Structure formats: structure tokens, C-alpha cells
Amino acid sequence: MAAAIGKTKLHSGWLGTRDRDVTVTGVQLTTTHPPSLGPTSPWVEAVVPGTVLATLVKSKELLDPFYGLVNESIIDIADSGRQWYTFWYFTTFQCKLSGTQHLDLNFRGINYYAEVYLNGHKKDLPRGMFRRHSLDVTDIVRNGENLLAVVVYPPDHPGSIPPEGGQGGDHEIGKDVATQYVEGWDWMCPIRDRNTGIWDEVSIYVTGPVKIIDPHLVSTLYDNYKRAYLHATTELENRSTSVAECSLNIQVTTELEGNICLVEHLQTQHLSIPAGSRVQYTFPELFFYKPNLWWPNGMGKQSLYNVVITVDVKGYGESDMYSQLFGFRKIESHIDNATGGRLFKVNGQPIFIRGGNWILSDGLLRLSEKRYKTDVKFHADMNFNMIRCWGGGLAERPEFYHYCDIYGLLVWQEFWITGDVDGRGVPVSNPNGPLDHDLFMLCARDTVKLLRNHPSLALWVGGNEQVPPVDINKALKQDLRLHPHFEKSINGSGTSVENLKSVDPSQYLDGTRIYIQGSMWDGFANGKGDFSDGPYEIQNPEDFFEDDFYKYGFNPEVGSVGMPVAATIRATMPPEGWQIPLFKKASNDYEEAPNPIWEYHKYIPYSKPGKVRDQILLYGFPKDLDDFCLQAQLVNYIQYRALLEGWTSRMWSKYTGVLIWKTQNPWTGLRGQFYDHLLDQTAGFYGCRCAAEPIHVQLNLGTYFIEVVNTTSEELSDVAIEASVWDLDGTCPYYKVHENLSMLPKRTVPIAEMKYPKSRNPKPVYFLLLKLYHKSNFRIISRNFYWLHLSGGDYKLLEPYRKKRVPLKILSEVFIKGATYEMHMNVKNTSAKPQPKTLTYQNHFTPKLGDGDFDIHSVEPKPDVAEEKQGVGFLQKIYRHFTKETDGLRVAEINGSDVGVAFFLHFSVHAVKKDHKEGEDTRILPVHYTDNYFSLVPGESMPVKITFEVPPGVTPRVSLQGWNYHGAHRVH
């Protein structure tokens with residue numbers, strides 16, 4: 001029986017060892033002397049995809065370089081020489097081809113070049129980290145077991161790390177076409193092997209006589225998006241010795257309820273392909289009426305169609321197949337006259353960009369679809385709508401883009417140029433970029449072909465804080481020039497589909513997305529390439545609202561602090577790393593002196609003497625690590641919520657967008673992150689989630705005006721705002737309802753001043769709860785909780801507040817589907833009944849079932865009028881549609897006799913194991929929470945959904961902690 005057409009990944013069963021330990025040739029390894037594991041064998045289980053260091057860590061030859069100061073004990077390639085990190089990989093695979101089938105051996109990413117041995121035959125993989133390699137091994141593969149060995153060589157110019165570190169080390173890595181962050185940065189330690197290895201997917205691919213190569217899919221839209229056309233061009237290679245009579249098919253389907261697919265289009269074309277030749281074929285365009293559009297996160301659904309292209313060869317049958325999820329959408333951008341910033345539109349609607357900068361998922365390139373899903377969903381959970389893939393990192397992988405398609409994250413993808421390494425750093429190095437410009441362009445063109453069919457990909461950018469060398473920049477501009485239809489569309493005039501027939505847009509390399517030469521050019525930062533992004537340090541929260549905080553319309557990088565929770569510090573550092581900073585008196589303030597391990601992990605302080613008071617010390621001097629990290633979470637929440645609310649306060653009047661530097665770290669770093677390398681969120685994550693809601697109520701910290709932000713395309717009408725102030729005694733000294741409000745789409749509107757600070761005898765520290773709700777049914781649209789102090793004050797009165805014992809009642813129910821748990825929690829502050837004059841007791845949350853991590857099509861209950869009329873409970877409706885195991889509804893109570901706010905509550909999920917070791921990190925990670933680090937006023941309740949996977953043999957428990965809830969209270 002012949003092999004099935006298609007791809008088989010080779011991601012398991014790999015062995016690896018250093019080149020110096022291999023005493024036979026590659027030919028011998030793949031014929032007479034295959035390696036094996038054993039007590040005297042130098043071969044170990046290898047990580048593929050992954051780097052040399054990833055394998056050495058897995059085999060325990062090296063400790064985790066991201067733990068404590070371990071990286072300092074690992075020899076750097078500059079000291080060891082390149083052979084030390086030259087590495088052999090070996091695996092076997094089974095194959096059975098028929099006489100007319102062909103087999104390709106594919107490497108989607110090698111760093112930096114390699115020799116491949118298959119059954120005693122040698123093939124070379126040339127230089128370049130960002131190029132695909134496809135080897136036709138039909139003539140050397142055999143039916144049955146095949147032996148494969150690969151020796152991978154490091155980059156030619158790995159460089160060295162100066163004693164002072166620096167941005168990109170000595171910049172030598174910039175002479176190669178590879179990741180530049182590997183020589184270290186102000187947020188990253190050096191990677192000792194410079195990411196050498198088989199770092200991306202390896203596969204074998206079976207075809208018949210004709211192979212499909214890199215189809216290009218393009219949509220054009222007309223008549224206010226009622227008419228759409230799908231354009232498709234593909235290359236076809238006939239690898240047989242005779243003319244191939246082909247039937248080329250394209251099928252477009254969309255998924256309905258219950259995994260039922262609707263075929264939207266099915267088209268067949270006939271063509272002949274001469275023997276041994278490669279041809280390009282463009283399908284007649286396919287017409288769609290009112291297609292479901294793909295929208296970014298917060299603007300609508302991410303509707304995707306499955307496009308399948310197959311080729312059948314007469315006398316053979318199906319020869320090859322290509323499948324791709326595709327979204328109909330139109331992305332435009334221009335430099336906005338009002339702000340000078342680049343303004344993006346999707347499907348004709350302006351989109352205010354709120355997103356973050358991304359380096360890569362893991363510094364040892366242990367990339368996986370599962371981790372990518374978590375990474376991208378975290379960004380969607382923060383209500384972000386764009387991710388910038390920074391130029392010193394990766395051209396991100398299709399799996400990353402797949403989840404950006406699914407979750408609605410626009411992607412700004414840069415090529416491999418940075419100002420620090422390529423001509424603008426200290427010292428100035430590589431002013432002409434990489435040594436091999438042809439190789440750079442080969443990698444760039446191949447990257448475009450790999451990623452261009454993803455609807456989430458929004459724009460190409462030449463480099464970070466730099467433009468590519470003149471000839472590369474010119475080539476990129478030419479290769480990525482817009483098709484006339486899209487160029488005219490951006491300029492405000494479209495073209496008819498008839499005018500597209502002469503040059504179909506799918507015949508371009510891309511042709512649909514704008515190319516910007518650098519991250520600070522053409523509508524970003526000051527638009528002229530001057531260093532006008534940033535700042536990258538702690539700020540006074542109110543400063544984000546000041547008119548002079550940032551001068552330009554779109555800031556591609558603004559960063560701040562990023563301290564994780566104490567459990568992460570203990571899990572990633574030895575005890576000497578658990579020492580909190582010393583606070584040294586500096587004039588009228590304090591400066592922080594962190595321990596050496598924190599310094600190595602690039603800790604950024606929470607103070608800026610002379611400009612910003614230490615934000616940690618606003619709450620008092622922390623006693624220990626737990627205290628410090630909890631106070632840091634309070635600051636993280638305020639800092640990042642204020643950053644986004646400050647930008648959104650001036651949406652369209654001053655700004656068109658902002659990207660935070662950064663959203664995460666590819667190692668255990670201590671700055672610029674919303675979740676740590678272990679995948680636990682900081683409170684800043686939830687500050688962003690709050691501030692970046694599509695419809696949001698907020699307090700302008702500069703003017704103390706309450707504002708409503710409506711980023712949607714729908715007008716808000718018949719809504720109201722409830723503003724209530726709660727003091728530390730649990731009373732409500734200020735209460736105001738603003739009724740009969742309407743807000744136009746795409747607007748930020750000031751409503752009224754919050755005047756409590758100007759009242760007679762205001763409390764020095766107080767809580768403010770803002771709720772925007774529908775008047776008709778009291779359904780909450782947006783809820784925002786602040787803790788505030790009077791001007792010039794601090795939060796030290798919150799320290800005695802920790803002794804307040806405010807009672808809570810927690811209802812919970814868990815639904816189990818395989819290893820995945822979904823918990824529905826409802827937390828209520830039972831310290832007092834709501835005051836009759838307030839509306840708190842009438843407001844209610846509408847559950848958003850799509851926030852979980854299950855397949856929405858199989859989980860989300862559909863509207864049922866009968867159920868609504870009968871008042872069927874929320875949990876009952878979930879269970880009816882969820883068809884999973886449940887362990888029933890549980891009630892947990894935390895006793896207390898005080899009346900007041902339940903402050904800064906946060907859930908965590910832990911493993912209950914019989915063999916638990918003292919001090920062991922028991923957290924189950926990652927976990928998706930619909931909210932965390934929240935507070936409840938007396939009588940208020942909040943639903944929270946928690947989703948996670950449980951490792952085999954583990955029982956999960958959910959704990960609740962808070963500012964005035966000490967220890968971990970088990971609630972399920």
C-alpha cells in the first residue's frame with residue numbers, strides 16, 4: 001500500500017550529541033553505525049524543534065540557563081569556539097512509496113547551516129536562519145526504516161559579549177542573517193549557543209507526480225463589503241518524466257454548527273504540465289456575496305474559511321493537497337493629518353491600536369503549538385489588537401500566525417535589522433547590515449511566501465529603529481510594492497474586478513500589505529527615524545494623561561516595570577535571589593539597590609529619584625519577598641492601566657495607537673512583561689485587560705473627569721454611569737449616577753468631574769468604583785475599580801487595612817473535558833447589604849462564554865428564547881450544552897466581621913500531589929482567568945471563569961488570596 005499524500009512531522013525520537021564526540025562519519029551513522037542511548041554513549045535524547053542548549057538542558061548536561069546565575073557558568077561560544085556548539089542530530093522514520101510517488105525532506109528552519117545524511121547519502125543545507133529547505137529524497141529513501149543524521153553549524157559570526165554587556169553584544173551577529181537578541185540586550189541575557197540547532201519544524205512530505213508550491217490567496221472587496229472575490233495563484237511542479245494531465249481544484253468551505261461544513265465554492269480547472277517543469281497557474285476569481293468578514297480582536301468575529309487546493313493527475317489520482325484558513329478582510333493605513341500618526345483601518349473601520357511588542361516565546365526556541373496558543377490567547381485576553389514582532393527576534397512561525405488569525409491579533413512583522421546592531425549602536429557596527437545581501441533577500445522573500453496568506457498579518461517593516469541598507473531597502477520596496485488595486489484603495493479610490501484581470505493580485509509576492517522601512521518612520525514615532533520612542537521606566541500614573549507626555553501620534557515602544565509574583569521568583573532563583581532590594585535614601589526619595597541575581601535578570605526599579613517617587617514605598621516598606629511582590633502587583637496594575645487609559649483618553653485627537661514594550665520575556669527576566677516565562681500573569685495583565693476594553697469607563701487621572709471610551713462602530717445609547725466612593729471604614733461618602741448618556745462610535749467622551757477630592761474632609765485614601773451599564777436592564781458594560789490617594793499623599797493607610805476581615809461567599813462549579821477543567825466561580829462580598837440608594841445590587845454581569853479555551857463551536861450555548869423566558873440558570877445552560885463531567889455546585893465561605901471592600905483578590909490554581917516536597921512550586925500553569933486581581937465593594941458579586949489543563953495524576957485546587965486575605969484560602 002502506497003504512503004498517504006501529505007506531511008508527517010519528525011518531532012520525536014531524535015538523538016543528539018556534540019560534534020567532538022562523534023567518531024564516525026555521517027555516512028557511517030546512517031548506514032553501518034547508527035547511534036543509540038546507553039551509559040557509555042555520548043548520545044542523548046534531543047529536542048527538535050529546539051536549540052543545542054535546549055537538548056543539553058533536557059539531558060541534564062547543563063542546568064537551566066534561565067535559573068538564577070546559571071547562565072554565567074555556561075561557556076559562551078566566543079570562548080569555546082564554534083565546534084563546541086556544532087551538533088549532530090539523528091533519527092529514523094518509516095516510509096513506503098509507490099513507484100510514482102515522491103518524498104521531500106523538509107526543514108523549516110536551521111541555524112545556521114547543516115549537512116544532511118540520509119541512508120548514506122549527503123545533502124547540504126546552505127546558510128540562513130530564515131529560509132526553508134526542501135530536499136527531494138525520492139531516489140535515496142527506501143521502503144521501511146530510513147536513517148537520518150544532521151550536523152548543524154553555528155552562525156559564522158557569533159561575536160563576543162563585552163564585560164559591560166550592551167545591546168547585541170559586540171554586534172558581530174549582525175553580519176549573519178539570524179536572530180540578533182542572542183548576544184544579549186538590556187532585557188535579555190546572552191544565549192551561549194546563539195540559538196544553533198534545528199529550531200523549527202522537520203517533516204517528510206509525500207506527493208504524486210505533481211507538487212503544489214506556495215499558493216497565494218488574496219481577497220478583494222467591493223460595494224461596502226457586499227461583494228468579494230478570492231484570487232489564487234499557485235506554482236505546480238511536474239516531477240515525472242511525462243506530461244501530466246491535471247485537474248486542479250479549489251474548494252472553499254465554512255464551518256457551521258456541529259462541525260458541519262458548508263461548501264461555498266468548488267471549481268475545477270484542467271491543464272497540462274510538461275515533464276520536469278514548473279508552471280504558475282492563476283485560478284479564475286471566485287465570487288462571494290456578503291462573505292463573513294475577519295475582524296481584529298474587539299471589533300467583531302474572526303470568521304475564517306477553509307481553502308483547499310488539490311491537484312489530480314490522470315492515471316494517478318490525487319497528487320497533492322494544500323489547505324489554509326483564510327479570512328476576508330481589508331487592511332488600510334495612512335498618516336493621519338490630525339495626529340501625524342499612522343492610522344489603521346480594517347474593513348473600512350478605524351482601529352485604535354493597543355498592543356505590545358513581542359520578541360519570541362522562548363530563548364532556547366522550544367517552540368510549540370500549545371505554547372503559541374497560550375501566548376497569543378493571553379494577548380487577546382488583555383484586549384490587545386496588535387503584536388509587533390521585533391526585528392532582533394524571529395520571523396514568527398505559521399503556528400503563531402494561526403492563533404493570531406483565530407484570536408484576532410494584527411501582526412506587525414519586522415525583518416532582521418536593528419539600529420543597535422546595524423549602524424546606530426555603540427559602537428557603530430555593520431552600517432551596511434549583513435554581509436550577504438542576496439541571502440537576506442532570499443530569506444525575506446521566503447518568509448513572505450510562508451506567511452502571506454494569514455489575515456492577521458497587517459504590515460511588513462524593514463527594521464527596528466533602523467532602515468535596511470539602501471540596496472536591501474530598495475529591493476524590499478520593489479518586492480513588496482502594492483498591487484494597483486490596493487495602492488488605489490489606500491489612496492481612496494478602488495478598482496473594479498474587471499481591471500484586476502490583467503495582473504491578478506495573487507501573482508504578486510504580496511501586493512496587499514504596506515511596507516514601512518523602519519519602526520520610527522512614516523507615521524510611527526516622529527516619522528523621521530529619530531530616536532523618539534520610549535520611555536522605558538516607571539512613571540507617575542497621572543503623567544500618562546499629560547499633553548506633553550508623548551509628542552507623536554503612534555508610539556511603537558513605551559515600557560515600564562514587570563515584577564512577577566513571589567512564587568515565580570522562588571521557582572526561578574536560589575534563596576539568595578529572594579532578597580528584596582535595599583531602599584537607599586536619595587535626597588527626598590529612595591533608590592532601589594537590587595541583589596545581583598535580580599540585576600542579572602534585568603530588574604527595572606519602581607522609582608526614578610527626582611522624578612517618580614518609589615511606587616512600592618507608597619504602600620510602606622515591604623517586609624519580605626511576598627510583601628514586595630504583592631505591592632509590586634498593585635503598582636503593575638495601576639501603571640499599565642494608566643498607560644493605556646492615558647493613550648485612549650486622547651484617541652484620535654492626539655494618538656492613533658501605542659505598543660507597549662514588552663508583553664513578555666523569552667526568559668526569566670524582571671522587566672517589561674504581563675506574564676512571566678512560567679506563564680503566570682502579573683496584575684499588569686489585568687490592568688491592561690481592563691483599560692483596553694472595546695467600551696470602557698475610566699477616570700482621567702490628570703483632570704479627574706470620568707470618561708467613556710467607545711472604540712466600536714456602534715453608538716451607545718440609554719446608558720448610565722454609577723460612581724461610588726468607598727472609604728476604609730466601609731462607608732460610601734460619595735455617590736453619583738450620570739443618566740441618559742449616549743456616545744458616538746469611535747469616541748472618547750468626558751462625562752463629568754469626580755468631585756470627591758474637592759469635597760469637605762475627603763479621606764486621604766479611598767476606593768472608587770465606576771460602572772457603565774444599560775439603563776433598560778442594568779447590565780454592566782464596563783466596570784473599573786480604583787484605589788486613590790489625595791494629591792501628594794500615599795497608600796500607607798492600606799497597610800492597617802490588611803487586618804480587615806471582610807466576609808466572602810464563593811459559589812463554584814467545575815466542568816471537565818478530558819484533561820481540561822473549566823471552573824465557574826461567583827465571588828460575593830457579604831459584609832453588608834447594598835445601600836438602597838445605590839444601584840450596585842441591580843447591576844449584573846453578562847457571562848462571556850467565549851473567554852474560555854474550549855472549541856467555541858462545540859461549547860458556546862446558542863440563544864434560546866424559551867430558556868430565557870423560563871429563567872434557566874446560567875450554570876444549568878452551560879451544563880446542558882457542555883456535555884462534560886461535573887462535580888457539582890460547591891459553596892465556600894471566608895468568615896469575617898468587618899464591613900468594607902474585599903481588596904485585590906486573586907485566584908491561583910495548584911496541584912495536590914501525594915509526593916509534594918516542601919518549597920515546591922505547586923502552581924498549575926498556564927491558567928486563563930476572565931478576571932483576576934479584582935476588588936468587591938460591600939454586597940457586590942462577580943463571576944470569574946477559570947480554564948486550565950491538569951497534568952496526569954494531579955488533582956487541582958483553587959485558592960483565593962487578597963490584600964486583606966492572608967494565606968491561601970481553598971475555595972474549590
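**A four-stranded sheet, a pocket and enclosed cavities**

In this predicted model, four strands make up an open sheet, ordered β45-β43-β47-β48, with antiparallel pairing. The edges are held by β45 (934–936) and β48 (965–970). Each of these has a single partner strand, so one side of each is left without a neighbour in the sheet. Neighbouring strands are turned by 35 degrees against each other on average, direction ignored. Within the sheet, strand β43 (residues 902–912) runs antiparallel to strand β47 (residues 955–962), and seven bridges join the two. A911 stands opposite P956 in β47.

The second largest pocket encloses about 1,600 Å³ of space. Its lining comprises 43 residues. K7, R132, D214, Y322 and L450 are the closest to the pocket centre. Strand β20 (residues 317–326) supplies the largest share of this lining, with seven residues. By class, the lining of the second largest pocket divides into 19 charged, 13 nonpolar and eleven polar residues.

Helix α6 (residues 437–451) contains T447. T447 has a relative accessibility of 3%. Buried means under 20%, so T447 counts as buried. Leaving aside residues up to four places away in sequence, T447 touches F130, A395, W416 and W460. D76 lies 371 residues from T447 in sequence. The C-alpha atoms of T447 and D76 are 30 Å apart in space.

Enclosed space was also examined. The structure holds seven cavities of 30 Å³ or more. The largest cavity has about 180 Å³ of space. It is lined by 18 residues, and V218, S219, R329, F486 and T512 are the closest to its centre. Two or more lining residues come from each of β13 (210–222) and α8 (484–490). The largest share, five residues, is given by β13. The lining of the largest cavity has seven nonpolar, seven polar and four charged residues.

The second largest cavity holds about 110 Å³ of space. Its lining consists of 14 residues. Nearest the centre of this cavity lie N297, G298, R354, N385 and T711. Six residues of the lining are nonpolar, five are polar and three are charged.

How values were computed:
Residues numbered from 1 in each chain as written. Predicted model: local features only at pLDDT ≥ 70, side-chain atom pairs only at ≥ 80, totals over all residues. Heavy atoms only, no water. Pairing = 2+ DSSP bridges. Axes fitted to C-alpha atoms, helices over the stretch in contact; angles between N-to-C directions. 1 Å grid on protein atoms, 1.4 Å probe; cavity = no way out; pocket = protein on both sides within 12 Å on 5 of 7 lines; lining within 4 Å. Points joined across faces, edges and corners; volume = space filled by probe spheres on them. Nonpolar A, V, L, I, M, F, W, Y, C, P; charged D, E, K, R; others polar. Buried < 20%, exposed > 50% of the residue type's maximum accessible area, 1.4 Å probe, protein only. Contact = heavy atoms within 4.5 Å.
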